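This report looks at charged side chains, at the contacts some of them make with one another and at a group of them on the surface.

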Amino acid sequence: MQYSADGQSDGTATVRFPQPGFLASVFRDLGADQGDDQGPEPDGAADQATPGRPGTDPAGDGPVAPGGPSGPNPGDPNPHGPNPHGPNTGHPNPADPSSTDPSSSDPDGATAAHARAAALTHHRTLTVQAEHDRLADLLRRAALPVSAMDFESQLRHYEPRPYPADGPGTDEGSEPRWEDFAPAEPAAADPESGPSRRLLDSGYQRELAQARLTHQRALREWRTRRSEAGSPAADESRRAHEAAEEARARAVREYNESLEECRRAYRLAEPAAVESLLERALAAAETATQDLSAPCRAVFRPLTRTAVLDLDLPPLDLVPSLDGYRLAPEGDIVPVPRPPADRATDYLRLVARLALRSLQAADAVDTDEILTGVVLNGWLREPGAAEPLCLLSVDADRDALARTRLLPPEKPYEDRDDEGVYADAEQDEALVRLRQLGAAVTPDPYARTVVQPAAQAGATVPAAPDLSANEFAQLVRDLLTRGGLAEWSVRLRGPAGLVATGEGTPGSALPGRWVVWASRDTASVGVEQIETLAEAVREESAERGLRLTTGRFAEEALDLTAEESHRHIHLIDGDGVRELARTHLGLPLAAGR
């Protein structure tokens, strides 16, 4: 509607077309809410007096100028006009919190900020998931069986390479024949037609021309080779080829001879040869996980024929500490930590597979059965730490390795939602197999809880405290069986010693049935232990008893065995053990520390 100067309608109507883009920008600048689901206003609706719209009085009394209110209304109780900081103006109103909130004044900006935070949360979660996938892949590859790096697999074979001029189809004695190149004649449509009809076939003529060119080329090459066969250049090329082949054959022969020398030294249990073979086998076992630094070194002790393996464990931060990220209601990106037990379980899973892989490599390469046992210690070497931490230790003899299936499970990494975290740790197949070997495994690697190494491989000549429990038992058995005590049977065995029985043949140095009590300690053996051994001899219906220690005996114990009632008890102290090792084994044993 049109209005006159006095504000009254003059009865004429003006049609106004909506301009969505323009109106939206005006409403957004004024801070007013604009409904997206409302259609265009009906005709004349824009001309109605609406508070807060341009062109009307906020009080609804009449139109105002487009620039704002024209002045104070005498009938208005507020003589100063409308509130200059009201909700419909461009100035903030301190009483209205929405006027100072950027999200309320700019809803599109708040939505964009929330979308950016959600995208960043998703990206960080994907990064954590990639770390979990890498750990799963390492667990799978660490469970792959290793190839045996024995001497047979390392032998090289020489296969001579023919001289290039003597390849197939280069026989100088046979001239290329046209019959070998001539194409097959096309079948005639009329059996009674003569050969002149077939000669008019265009396809056959093209094949015939191509065959003639091929035959002429082969004939020319044959004649060239025949003419150059006796040239000095051809003879020199052939002699160079034959010399290269002789060098290849000689290199293979020398390598196999050196490998055979190493095999003879290995069968003689020379430390350098045994350690070299073990190092090769352990290095070959790491090929499946070359991106994971976990080297394993080997030391061979000829005194007990035991290999001591030192395995460097992967860093603790290899296992992810987070499950992902989530977006808080306030808009903050919050990390979601993993339960400590889950993280420790995954680390022990990986460590168990690496340990089984090293044990399998050492057992598979010992085809000549030189080793009587393997000791494996897993060391965590952290930057800045004074000493490495032992988190895993295995002391397994040959019989235990033969009884235990060292190959990891086919599916080493499976999520079991129906079981708890501790059930996963206890039922993990690799950890179960290590415990079957009597392994000592840290309960919490992230708390740096260490275990006692089964043996130390530092000294060149070991002492009794440096030996593992299996090594000490093997040493005692070797000393006494070589002294004449056969039919060895271990009854009790522990870290400090063992109790066993044996039968000596008549006429040997140790005839009759014996009860042996051997221990390695620095404390002196008293009368109580001698009495206990004498009682065990009576219970086993044995004839004699032997008390062996790497330490010494008290004076009271020596006096007791001198009496008539205990003369069937024999004593061997630390000096006697070292003398027996030098006499029967030909190898030294250091004094206990």
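A residue is called buried when its relative accessible area is under 20%, exposed when that area is over 50%, and partly exposed in between. The model is a predicted one, and with these cut-offs arginine 267, at 46% relative accessibility, counts as partly exposed.

**Salt bridges**

A search of the whole structure finds 25 salt bridges. Three of the pairs, including the one made by arginine 267, are set out below with their N to O distances.

| Acidic residue | Basic residue | N to O distance |
|---|---|---|
| Aspartate 291 | Arginine 141 | 3.0 Å |
| Aspartate 368 | Arginine 267 | 3.4 Å |
| Glutamate 540 | Arginine 513 | 3.4 Å |

In the pair of aspartate 291 and arginine 141, the closest N and O atoms are 3.0 Å apart. Because aspartate 291 belongs to the loop between α8 (271–285) and β1 (296–301), while arginine 141 is part of helix α3 (residues 107–142), this salt bridge ties together parts that are 150 residues apart in sequence. Aspartate 291 is partly exposed, with a relative accessibility of 43%, whereas arginine 141, at 14%, is buried.

Aspartate 368 and arginine 267 meet through their side chains in a salt bridge. The aspartate sits in the loop between α9 (340–365) and β5 (373–380) and the arginine in helix α7 (residues 232–267), so the contact ties together parts that are 101 residues apart in sequence. Aspartate 368 has a relative accessible area of 25% and is partly exposed.

The side chains of glutamate 540 and arginine 513 also form a salt bridge. Since glutamate 540 lies in the loop between α14 (527–539) and β11 (544–549) and arginine 513 in strand β10 (residues 512–519), the pair ties together parts that are 27 residues apart in sequence. Glutamate 540 is partly exposed, its relative accessible area being 27%.

Through salt bridges that share partners, Asp137, Arg140, Arg141 and Asp291 are joined into one network.

**A negative surface patch**

Which residues form the negative surface patch? They are Glu528, Glu531, Glu535, Glu539, Glu555, Glu556, Asp559 and Glu563. Two or more residues of the negative patch are given by each of the elements α14 and α15 (555–561), and the largest share, 4 residues, comes from α14. Glutamate 531, one of the patch residues, lies in helix α14. Its relative accessibility of 36% places glutamate 531 among residues that count as partly exposed.

Terms used:
Residues numbered from 1 in each chain as written. Predicted model: local features only at pLDDT ≥ 70, side-chain atom pairs only at ≥ 80, totals over all residues. Heavy atoms only, no water. Salt bridge = Lys/Arg side-chain N within 4 Å of Asp/Glu carboxyl O. Buried < 20%, exposed > 50% of the residue type's maximum accessible area, 1.4 Å probe, protein only. Patch = residues over 30% accessible without salt bridge, like charges linked within 9 Å, V, L, I, M, F, W, Y side chains within 5 Å. Areas by Shrake-Rupley, 256 points an atom, 1.4 Å probe, with all protein chains shown as cover. Lys, Arg positive; Asp, Glu negative; His and termini not counted. Charge placed at Lys NZ, Arg CZ, Asp CG, Glu CD.
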